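Please open the structure in a viewer and follow the stops below in order. Each stop names a selection and then describes what is found there.

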There are 2 protein chains.
Amino acid sequence: MIRIGIDVGGTGIKIGVVDENGHILASEAIPTRIDLPFSEQITQMADCAKRVLAESGFTIDDVQSIGAGVPGVADKNGVVIFCNNLAWVNVPFRTEFQKHILKPIYIDNDATVAGLAESVAGVSAGTSSSVFVTLGTGVGAGIVIGGKVWSGAHGIGSEIGHITMMLDGEPCNCGNRGCLERYCSATAIIRMARVAVAEHPESLILSMAEGDPAKINARIVIDAARVEDPVAVQVYQKYISYLAQAVNSIINFLDPEIIVIGGGVSKAGDFLLTPLRQEVPKYAMYKSVPSARIEMARLGADAGIIGAAMLG
Amino acid sequence: MIRIGIDVGGTGIKIGVVDENGHILASEAIPTRIDLPFSEQITQMADCAKRVLAESGFTIDDVQSIGAGVPGVADKNGVVIFCNNLAWVNVPFRTEFQKHILKPIYIDNDATVAGLAESVAGVSAGTSSSVFVTLGTGVGAGIVIGGKVWSGAHGIGSEIGHITMMLDGEPCNCGNRGCLERYCSATAIIRMARVAVAEHPESLILSMAEGDPAKINARIVIDAARVEDPVAVQVYQKYISYLAQAVNSIINFLDPEIIVIGGGVSKAGDFLLTPLRQEVPKYAMYKSVPSARIEMARLGADAGIIGAAMLG
């Protein structure tokens with residue numbers, strides 16, 4: 001038996017046929033067409049799924065289930081309640097998709113799906129509890145407990161980016177202030193760097209951004225920190241300290257076997273992992289008790305397809 | 001079959017025989033004797049358990065399992081790693097207790113145990129996921145997911161009192177700054193009230209505390225707020241706003257079916273519950289999606305015995 005995984009992104013949709021071990025047998029990408037009504041978007045996804053299935057050498061009869069990861073929230077009935085990037089509100093994804101392929105369909109948040117992928121075929125394979133944290137424009141998460149995805153009783157859990165980390169802190173897109181993602185995302189690195197270069201225009205960060213603070217991105221700040229630009233080092237150390245406190249909060253709340261770091265910022269690799277592993281124990285409440293291993297995600301761009309397929 | 005529950009507190013130990021529905025059939029309390037070596041303390045507990053068992057009319061053969069809730073952390077081997085109030089470090093509770101009564105023994109944190117009790121025989125009975133939050137000197141929690149207690153992969157989870165809620169905030173006993181319990185415990189109410197009466201010595205809070213800020217407790221502040229002392233109202237509203245943000249963080253992280261409020265501050269009853277239920281939705285990320293019910297704990301002082309018995 002094989003499964004189909006659908007990774008719905010804001011600019012592209014990746015669809016793959018995945019075997020029982022989480023290996024992708026065939027895949028294809030199509031552009032995201034938010035200009036179309038959702039029923040037509042879903043028709044395109046189903047057509048693509050049929051093509052990929054044919055390419056893999058299997059037939060509909062071999063498909064055990066279909067899964068989709070969406071950058072939003074879905075309920076237990078397969079309805080996508082919110083999906084900002086696709087401008088979807090209350091879209092009956094399962095019902096609509098089953099008009100084309102009548103198989104069990106599971107839908108979950110994209111970070112949850114990526115976390116599941118890592119726990120099946122990635123760095124957290126073999127563990128029974130994990131928290132996958134994706135550090136990008138925002139901060140998302142995927143929680144696995146007892147070997148199963150936990151996205152909450154109402155499908156709105158694992159939004160660790162919106163834990164309050166700073167009472168009355170930086171305003172957040174969600175309407176609150178001081179959310180964790182205001183301090184731990186790539187966006188947070190950029191914000192802190194812009195403040196720093198305003199005071200220290202001599203920083204390498206600014207010259208790497210062609211003198212334009214609007215062009216600063218997280219990669220520039222991290223690259224400048226690598227070559228020891230003092231301003232970049234200071235910004236990056238502060239970021240690592242915030243991230244360590246976020247990881248410590250995850251340990252204190254849920255105490256998983258492993259915490260997996262993914263998303264754009266994780267491309268920094270050991271330059272992120274090494275100081276983070278040094279910093280987290282400083283905040284540990286029970287210093288002599290073992291706690292979560294901290295690892296980098298391994299599956300990269302494939303995690304979306306694999307994890308979606310594994311939702312079944 | 002019956003079970004024995006042991007509620008180990010800093011000043012007293014309560015031991016009860018509990019039936020399958022979570023009802024206490026017989027119970028007894030003995031003083032906590034931290035002056036004795038742990039082996040003698042555990043001997044006293046076992047002796048008490050035997051007396052309570054006899055009183056209930058059952059015998060050792062009827063005992064399915066024994067559970068203990070401790071104000072600390074235990075590992076999977078039944079070793080109490082830390083228990084500050086009893087000055088226990090790495091105490092082999094299970095092995096020691098089984099010298100007296102050879103039955104399966106389960107040990108967990110007291111807040112976890114109280115949460116389990118509520119989910120079996122209290123306000124969260126019938127739910128499959130819950131977070132019990134105890135608001136006392138500190139803030140503890142008990143997490144139930146899929147009907148089972150989750151205290152972490154290393155036994156150190158559900159310490160939501162030590163999530164970072166205010167970067168570089170108030171210093172905490174754990175060594176960090178800005179922990180959630182610095183803003184949401186009874187201790188937080190007292191701290192905020194002391195600051196407020198220093199500025200407003202005319203407040204009813206100070207006269208109720210006999211003019212001595214050292215005598216302010218959470219109950220005084222809450223009682224003064226009930227009769228609309230302006231300073232107390234302001235402190236209490238701030239506290240409710242912090243607590244609502246903490247509840248919102250729990251929803252965003254774990255999205256349980258129900259969040260149960262217990263501990264000393266919960267004695268405020270509806271005077272806490274009503275404004276909290278009004279305040280939490282203001283922070284909700286998905287305002288149109290249902291989220292956790294917020295309820296008050298029901299079992300009170302019995303929760304420790306019942307939950308401990310139910311650990312089996």
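**First stop: a residue pair in chain B**

Select Phe132(B) and Gly142(B): Phe132(B) stands opposite Gly142(B), which belongs to β10(B). The model under examination is a predicted one.

Extend the selection to strand β9 (residues 130-135) and strand β10 (residues 139-145) of chain B, which run antiparallel and are joined by six bridges. Strands of a sheet pair through backbone hydrogen bonds, either parallel or antiparallel.

Now display the whole sheet around this pair. Its five strands follow the order β11-β10-β9-β12-β13 in chain B, and the sheet is open, with mixed pairing. At its edges are β11 (148-149) and β13 (293-296) of chain B, each of which pairs on one side only.

**Second stop: a hairpin in chain B**

Select residues 12-18 and 24-31 of chain B, which are strands β2 and β3; these pair in the antiparallel sense over seven bridges. Within this pairing, Val17(B) has Ala26(B) of β3(B) as its bridge partner. How many residues lie between β2(B) and β3(B) in the hairpin? There are five, and Gly22(B), in the turn, has a positive phi of about 85 degrees.

**Third stop: two packed helices in chain B**

Two packed helices are described by the angle between their axes and the distance between the axes. Select helix α3 (residues 110-121) and helix α10 (residues 303-310) of chain B: the angle is about 85 degrees, and the axes are 7 Å apart. On account of that angle, α3(B) is roughly perpendicular to α10(B).

To view the contact, show side chains on both helices. From α3(B), the contributing residues include Asp110(B), Val113(B), Leu116(B), Glu118(B) and Val120(B). From α10(B), they include Ala303(B), Ile306(B), Gly307(B) and Met310(B). By class, the residues of this contact divide into ten nonpolar, two polar and two charged.

**Fourth stop: the domains of chain A**

Turn to chain A and colour it by domain. The domain assignment gives domain 1 as 2-121 + 302-310 and domain 2 as 130-296. The C-alpha centres of these two domains of chain A lie 28 Å apart.

Where they touch, domain 1 of chain A supplies 14 residues and domain 2 of chain A supplies 15 residues. On the domain 1 side, β5 (73-74), β8 (105-109) and α3 (110-121) of chain A each give two or more residues. Which element gives the most to this side? It is α3(A), with eight residues. The domain 1 side comprises six nonpolar, four polar and four charged residues.

**Final stop: the interface of chains A and B**

Display both chains together. A turn of 180 degrees, with a shift of 0.0 Å along the axis, lays chain A on chain B with an RMSD of 0.0 Å. The two copies are therefore related as by a two-fold rotation axis.

Next, select the residues in contact across the chains: 39 residues come from chain A and 38 residues from chain B. On the side of chain A that touches chain B, the elements giving two or more residues are β6 (80-83) and α8 (230-254) of chain A. The largest share of that side, seven residues, comes from α8(A). The same side of chain A has 23 nonpolar, 13 polar and three charged residues.

Why can the copies be said to meet through the same surface? The reason is that 97% of the interface residues of chain A are also interface residues in chain B.

Terms used:
Residues are numbered from 1 along each chain as its sequence is written. Chains are lettered from A and ligands numbered from 1 in the order in which they are written. This is a predicted model: local features need pLDDT of at least 70, side-chain atom pairs count only at pLDDT 80 or more; totals for chains, interfaces and linings use all residues. Two strands pair if DSSP finds at least two bridges between them. Helices (H or I, at least four residues) and strands (E, at least two) are DSSP runs, numbered from the N terminus. Copies are superposed by least squares on the C-alpha atoms of residues with pLDDT of at least 70 in both. Two residues are in contact if their C-beta atoms, placed from the backbone, lie within 7 Å. Ala, Val, Leu, Ile, Met, Phe, Trp, Tyr, Cys and Pro count as nonpolar, Asp, Glu, Lys and Arg as charged, and the others, Gly among them, as polar. Axes are lines fitted to C-alpha atoms, for helices over the stretch in contact, and angles run from 0 to 180 degrees between N-to-C directions. Angles under 35 degrees count as roughly parallel, over 145 as roughly antiparallel, 65 to 115 as roughly perpendicular and the rest as oblique. Domain bounds come from an automatic or database domain assignment.
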